[in-house]
Amino acid sequence: MMSEKKIYQILDWCLWILNPLLIVLAIFSNKIQPGLFLQWMGKFHPLALHFPIVFGILISIYFLFFQNKRIPVETEKLLLATNALFASVVAVFGILLSLQNFYDGEIIIWHKWGGVAIAILSWLFIYILNFKINFKRILAILFLIVLIGSTHKGAQITHGVNALSFPESANPASEVANTEDSTATIYQLGVAPILNQKCISCHGIDKSKANLQLHTPESILKGSENGDILKSSLKGESVFHKRIHLPMEDEEHMPPDGKLQLTPDELRILTLWIKSGSNFEQRLGGLAKDDSLYLLVNKYQAAANQKASLNFNLPGLEEFNSNYCSVNYLFNGSDEVEVNFFQGANYNRENLKKLEKIKSSIVSLNMQGMPLTKDDIDIVLQFSNLRKVNLNSTGLEIGSLERLKSLTKLKSVSISGIDFDETEFDKFLDGAKFTAVNVWSQKAGKKQLEKVIAKYPDIKIIVGDNLDDEVMKISNPTIAQDSTVFSGRLNVKLKHLLKGTVIKYTTDGSEPDSLKSSEYTNSIILTENTVLKIKAYKPGWISSDVVQRTFYKSGIQPDTIYLITDPHPKYQNDGAKTLINFQLGESNTSNGEWLAYRDYNMEFVAGFNQQKPLKSVTINAFTDIGAYIFPIKSITAEGSNDGKNFENIAKVDFPDGKESDPRGAGSFSCNFPAGTSYRYFKFTVTNLKKLPPWHRGKGEPAWIFVDELFLN
Amino acid sequence: MNEFNEHILNQNRRKFLTRLSLGVGGLALGSLLIPGLFEGKKEEELFTGVLPHFAPKAKRIIYLFQNGAPSQLELFDYKPLLQKMQGEELPESIRMGQRLTGMTSNQAKFPLAGSKFSFAQYGNNGAWFSEILPHLAGLSDELCIVKSMFTEAINHDPALTFFQTGAQVGNRPSMGSWLSYGLGSENKNLPAFCVLLSKGKGNGQGVYSKLWSNGFLDSIHQGVQFSSGEEPVKYLTDPEFINRTDRRAMLDEISALNNEAYKNIGDPEIVTKIQQYELAYRMQMAVPEITSLQNEPESIIKMYGADCLVPGTYAANCLLARKLSENGVRFVQLYHQGWDTHGNLPKEIEGQCKDVDQSSAALIKDLKQRGLLDETLVIWGGEFGRTNYCQGKLTPDNYGRDHHPRCFTIFMAGGGTKPGVFGETDDFGYNITKLPVHVHDFQATVMHLMGIDHEKFTFKNQGRRYRLTDVSGKVIPDLIA
């Protein structure tokens, strides 16, 4: 057994822990949400409170009258500490209990702080043991006052029968009758549930305050010890009616202050029921559909049912979701669902049919681009709470959409891409309760629909433009292949992004013409060097720009090739090999495919293992006047059989570059006389030595850029 | 406790009890401030909650980012005082010590430059638009124009990073990644976050993948950058002799191998890889339908302008953005480069406007006529504004403007925003006089429109919880309908 001192120490520590916690809990009560276990502990408050009350009273009496026969201090402290600990624990339990039952009102606040004061004062007693006697007496009297006051308040908040049992779930599962049961009475559906929840705890089987029981029709009719409660008295109102209508401050107001109160709707239900004669037999179905009592009871039932399911147990939507259909709640905690369909090519009506399971939760439906028919609309019409629907480009007839008007909650409808004319549109809008309609029809433009729109000022109608008057230039056609050098033959494919475009082309260097030029069908076959020009046409559009590309048939490959003069260091790349690598330089002069010369001519030799008859040579060179790159000035061809002594074959001069020359690559050819046949061919390609006076680099030498050599 | 023990443990009853009571009181306090602390919920759920937090107004965003910082004084903010004071020095009372960039700090003078373009008012709210934005001016009643944006960053990279990720330092997730992480993609066949780039002819600043990075979030949330050519997604079709079933079988085998690797190694990037293969497989079916213009009615093409037929232009990207968005992509971001008009401003900005004006307006009109505008939030703007003084030589026809973070204009449309003109700047177009909107405030408002509480939506990384708005930002209710 531990020593007294040890026990006291433990008690002391516990007090130091509990009391600050108690104060924090008391101040912030409304911010605490105890879990179920703590709720249960709270219920021990009315059980445990007896100990500190009795003991507190005894201590007070001891301090008041028995200070001349004191017990040893150690024992005093031990007993006081025990009492204080109980008081604190009871107070904590009390706070937990108060949170569980939504108690309101002044009584609770007084009782709570009174309880806290009891706990603190009990604790304080330990420390005043050595004070003057009179001080102790005053404190004892103070304590008694607080004690009696708080416990009186507590007594006013008496509990019902469910004192110590483990709490049930929030919904009293007693007779929640089925609204769909047509024999259910108003009493069963509207009155009994309210009485069960709010009155039975004091006026039921186990406890009948004022001898009044409200759990069955018979007991209600029997009344209280003071007589009947339903019949109107001489004053004009029944006791029942009077009590529930009294102001809150009145002592006789039912339910009493500190207990669960009637909501306004519940009060109205009871009032209407009493006023209509407190009939226990009248069926709910017998009331008119717009009768207030009917509506209220339905609302009450709906709320009651919902509470049972909305307890974070909304049905999961996984079974409806797939790669082509997404179904979600609008936001966390909402019970409204939105549905989106994607990928028209994979549309499956089964996905829509599945949704019938949650048909009254769906508020928003997006089926844009889905290939729909009347049968799909049949399914959609079941979504009674649908507010917004998107049927853009669904291929439906506007006639089949008229049935949408039967969905009373449907407010926003988007049908862009569904074609209709003015009369069909009028018919669609006639009698519709929509507030927003979005349309775009190829058959009818804004101007034509204006008269129809004016007839329905309550509907906000947005019409897309048809822009028939605008004439735009069509974009350029594109060549599918990237390559420009081919061997043998080449199948050139052309394409254009827009449907219905006609592409005309020429291969002889002339500009394409919409009437005379050949029309592209599925390919163009090239067998030799060709300058291909293409242009796109479409009715209603301005024709595109001309797109031009030169295709080269690869020539005969020399067996050796070497440069006599070196290109400019910056444009050396692969040396001579660049000239025969089948790669054209394109318009980026620094992409590694060009050889450039400036200060001297380009000279190179192409050789074969045996004598080779050649007809011509073609060189692909670049022109960019602004960048000092001018066309080749001349090509001189010489032939040799031993590689040392060369004879002249041919020379050709090219026209000088002009300021207006377009930037781009071009071919420069030199033909050989018939019968030319050598082992080695030497070519001298010259550049313009002095830039003309109109050029800003006048006087300086021009560049030549060469990237490919073709021998034929 | 005897003195020896007491000394060793540095503990005596007084200290112990004090600490204990503080601790227990602290626990009580903790459970008050964080409801459910003792409930044992998963930590992230506790702080983040399940999204959306409340009913969203917008479901998707299309962000038309004008990279380089368009000059608000040439587009939206009409300041005739600058024309009157053309060439005069910027008063110190207005400048109030605003820092300059390295480009103009060497200037001896800061001559005010009025705009070369004329302005007029449009629409019911009398918004000012310059003559180079005719199409957007025509849509004035749909736009929520915020003239009082401000930021602290003065150069492009920090400012861009700040706008996209909420902090000037990098390596944080971008706005699109946050939304991809929080809300995911509506359409499982497409990524949640797509990025489209285009270049204008003006002075361009770079864009780089840091701006659509996933930061510390899972890499599946990185922005998917589409290619600016004819094939926005390359290698989309299967090679010649492989059909779809073979493809599926192959992917299943690869996925099995990857799963084994993940079991052994545990690298989360493996999981991302598996997911990306799956997404790519589904995109093969979804993307061709979306990128093809074959079924697009001609009037739509005409509305966007001739450029939209040329892949890689801003107009083509706008049209593609609409198609991606209406097919469920949560966040589509466009970047149009070339607005950094330090010099040659009149010519460059006119060219830029020709690129973007018609197609931006067409995008909004297109969404509206499909009934999608009230659930799609369209944002148009840059990373900061431009100065009212001229950078470089000021001539009657030509001038340039430097960076100006203290006030600039962006606009939004649809998605629950309230049309109108919000915020005001002073007559010099230098300081804000009404309703300052910081970048964090803007981000908080955008999040709010998507149904997310920006303070609750966090992610814990390296011991700290991060959020898009970092440490500041409040929702601006004026901008919300």
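**A tour of the interface between chain B and chain A**

Across the interface of chain B and chain A in this predicted model, 12 residue pairs are found in polar contact, both partners at pLDDT 80 or more. Begin by displaying both chains and centring the view on this interface.

Next, select the helices of chain B that line the contact. Helix H2 (13-33), helix H11 (268-291), helix H12 (298-304) and helix H14 (345-369) each supply at least two residues of the side of chain B that touches chain A. Colour H2(B) separately, for this helix gives the most to that side, with 9 residues. If the side of chain B that touches chain A is then coloured by class, 24 nonpolar, 13 polar and 15 charged residues appear.

Now show the partner as well. The contact takes 52 residues from chain B and 54 residues from chain A. The area buried between the two chains is about 4600 Å², and carbon and sulfur atoms give 56% of it.

For the charged pairs, select Glu375(B) and Lys388(A). These residues form a salt bridge whose closest N and O atoms are 2.7 Å apart. In total, 4 salt bridges are found across the interface of chain B and chain A.

Finally, hide chain A and view chain B as a cartoon. Chain B has 15 helices and 17 strands. Of its 481 residues, 57% are buried. Among contacts in chain B with a separation of 6 or more, 78% join residues 24 or more positions apart. A surface display completes the tour: the accessible surface of chain B comes to about 19700 Å², of which 53% belongs to carbon and sulfur atoms.

Key: Residues are numbered from 1 along each chain as its sequence is written. Chains are lettered from A and ligands numbered from 1 in the order in which they are written. This is a predicted model: local features need pLDDT of at least 70, side-chain atom pairs count only at pLDDT 80 or more; totals for chains, interfaces and linings use all residues. Side-chain values use heavy atoms; hydrogens and water are left out. Helices (H or I, at least four residues) and strands (E, at least two) are DSSP runs, numbered from the N terminus. Buried means under 20% relative accessible area, exposed over 50%, partly exposed in between (1.4 Å probe, protein chains only). Contact means heavy atoms within 4.5 Å. Accessible areas come from the Shrake-Rupley method with a 1.4 Å probe; for residues, only the protein chains shown count as cover. Buried area is the accessible area (1.4 Å probe) that two parts lose on being put together, summed over both. A salt bridge is a side-chain nitrogen of Lys or Arg within 4 Å of a carboxyl oxygen of Asp or Glu. A polar contact is a pair of N or O atoms within 3.5 Å; within protein, one must be able to donate a hydrogen and the other to accept it, and residues adjacent in sequence count only if both atoms are side-chain atoms. Ala, Val, Leu, Ile, Met, Phe, Trp, Tyr, Cys and Pro count as nonpolar, Asp, Glu, Lys and Arg as charged, and the others, Gly among them, as polar.
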